[in-house]
Amino acid sequence: MAELPLHTEILQHRPARSEDGVGEATSRPAPILDLVEVGKTYRSGSLAVDALRGVDLTVEEGEYVAVMGPSGSGKSTLMHILGCLDVPSSGRYRLAGEDVSDMEERQLADIRNRRIGFVFQQFNLLPAMSAWRNVELPLVYAGVPRAERRARALEALGRVGLSERVAHRPGELSGGQQQRVSVARALVTDPSLILADEPTGNLDSVSTTDVLGLFRELHEQGRTVVLITHEPDVAAQAERVIHILDGQVVDDQLVTTGTSS
Ligand SMILES: Nc1ncnc2c1ncn2[C@@H]1O[C@H](COP(=O)(O)OP(=O)(O)OP(=O)(O)O)[C@@H](O)[C@H]1O
């Protein structure tokens, strides 16, 4: 397991799940993410790669979770399934109580648009479009009227501190600013879940601190944040750190950052 910084206290995480996976008799809300025995096998000719093997994972609404693991361990595959960009080969996946395991691409696209904000290492911004045009795109897909789209995109850019750069194209912005545009695009639909795949992988330390501060704010506002990272310092920002190895969850811990030495 990767080292965590000093002043961290580690607690073994015990997910709250009823035996039948449906929920408690009380009115406890369904977990936002609920994977039961999820497997993913990539096939190419006679070759088969088991990228995920029997993953059981529950994430409650509002958690801040980091996923770590060595190259090839299955992190991106897990992120693709969590983000409804792909479906499992076996097992069940419920997102906010809705079983998405066997959905068609159109249904998955609708769920992604309604529920999830994505942030990627490479920013994935359209180079010919201004910052605000990039940020309004998810609202175009959602069918939001033009004037409202513009207002919400500008508001989201204001929230990430980019009010002065709304007309700039990605190539006219620094890496850290481009990633802030992607965070604005992720939150413009007001999703309950933010999924980030190595969001600080291309950033210098100042921009990393900046972007991690934004994730913390989103978490403090009650959103669920799941981020993939290779970096222990980045993972230490989360409240829970999951390690995967060879397609399996091998470690799952709550981390609370202490203030005393
Ligand atoms: N489309 C695909 N077709 C075949 N095999 C794949 C495909 N995508 C991933 N794999 C394989 O599945 C396994 C898990 O890959 P994955 O990309 O999920 O790992 P990762 O932990 O994200 O790695 P990295 O940190 O290097 O990005 C690897 O063995 C990889 O080679």
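Biologist: Where H5 passes H6, is the crossing left-handed or right-handed?

Modeller: In this predicted model, H5 passes H6 in a right-handed crossing.

Biologist: Beyond the hand, what describes two packed helices?

Modeller: Two packed helices are described by the angle between their axes together with the distance between those axes. Here the axes of helix H5 (residues 175–187) and helix H6 (residues 205–220) come within 9 Å and cross at roughly 15 degrees. Because angles under 35 degrees count as roughly parallel, H5 is roughly parallel to H6. On the H5 side the contact is made by Gly175, Gly176, Gln179, Arg180, Val183 and Leu187, while H6 contributes Val206, Ser207, Asp210, Val211, Leu214 and Leu218. Sorted by class, the residues of this contact of H5 with H6 are six nonpolar, four polar and two charged.

Biologist: At what angle do H3 and H5 pack, and how far apart are their axes?

Modeller: Helix H3 (residues 131–141) packs with H5 at an angle of about 30 degrees, and their axes are 7 Å apart. This angle makes H3 roughly parallel to H5, and the crossing of H3 and H5 is right-handed. The contact is formed by Ala131, Asn134, Val135, Leu137 and Pro138 of H3 with Val181, Ala184 and Arg185 of H5, and by class it has six nonpolar, one polar and one charged residues.

Biologist: Turning to the strands, in what order do the four strands of the open sheet lie?

Modeller: A sheet can be read from one edge across to the other, and in this open sheet the order is E3-E2-E5-E6, with antiparallel pairing. E3 and strand E6 (98–99) are the edge strands, each pairing on one side only. Further in, E2 and strand E5 (residues 90–95) run antiparallel and are joined by five bridges, and Gly39 stands opposite Ser90 in E5.

Biologist: Which residues surround the ligand, and which elements give two or more of them?

Modeller: A ligand shell is read by listing its residues and then tracing them back to their elements. The ligand is surrounded by Tyr42, Ser44, Val49, Ala51, Gly69, Ser71, Gly72, Ser73, Gly74, Lys75, Ser76 and Thr77. Strand E2 (33–44), strand E3 (47–59) and helix H1 (75–82) are the elements that give two or more residues to this shell, and H1 supplies the largest share, three residues.

Biologist: How do the residues of that shell divide by class?

Modeller: The residues around the ligand divide into three nonpolar, eight polar and one charged.

Methods: Residues are numbered from 1 along each chain as its sequence is written. This is a predicted model: local features need pLDDT of at least 70, side-chain atom pairs count only at pLDDT 80 or more; totals for chains, interfaces and linings use all residues. A residue is near a molecule or strand if its C-beta atom, placed from the backbone, lies within 6 Å of it. Ala, Val, Leu, Ile, Met, Phe, Trp, Tyr, Cys and Pro count as nonpolar, Asp, Glu, Lys and Arg as charged, and the others, Gly among them, as polar. Axes are lines fitted to C-alpha atoms, for helices over the stretch in contact, and angles run from 0 to 180 degrees between N-to-C directions. Angles under 35 degrees count as roughly parallel, over 145 as roughly antiparallel, 65 to 115 as roughly perpendicular and the rest as oblique. A crossing is left-handed if the near helix is turned anticlockwise from the far one by less than a right angle, and right-handed if clockwise. Two residues are in contact if their C-beta atoms, placed from the backbone, lie within 7 Å. Two strands pair if DSSP finds at least two bridges between them.
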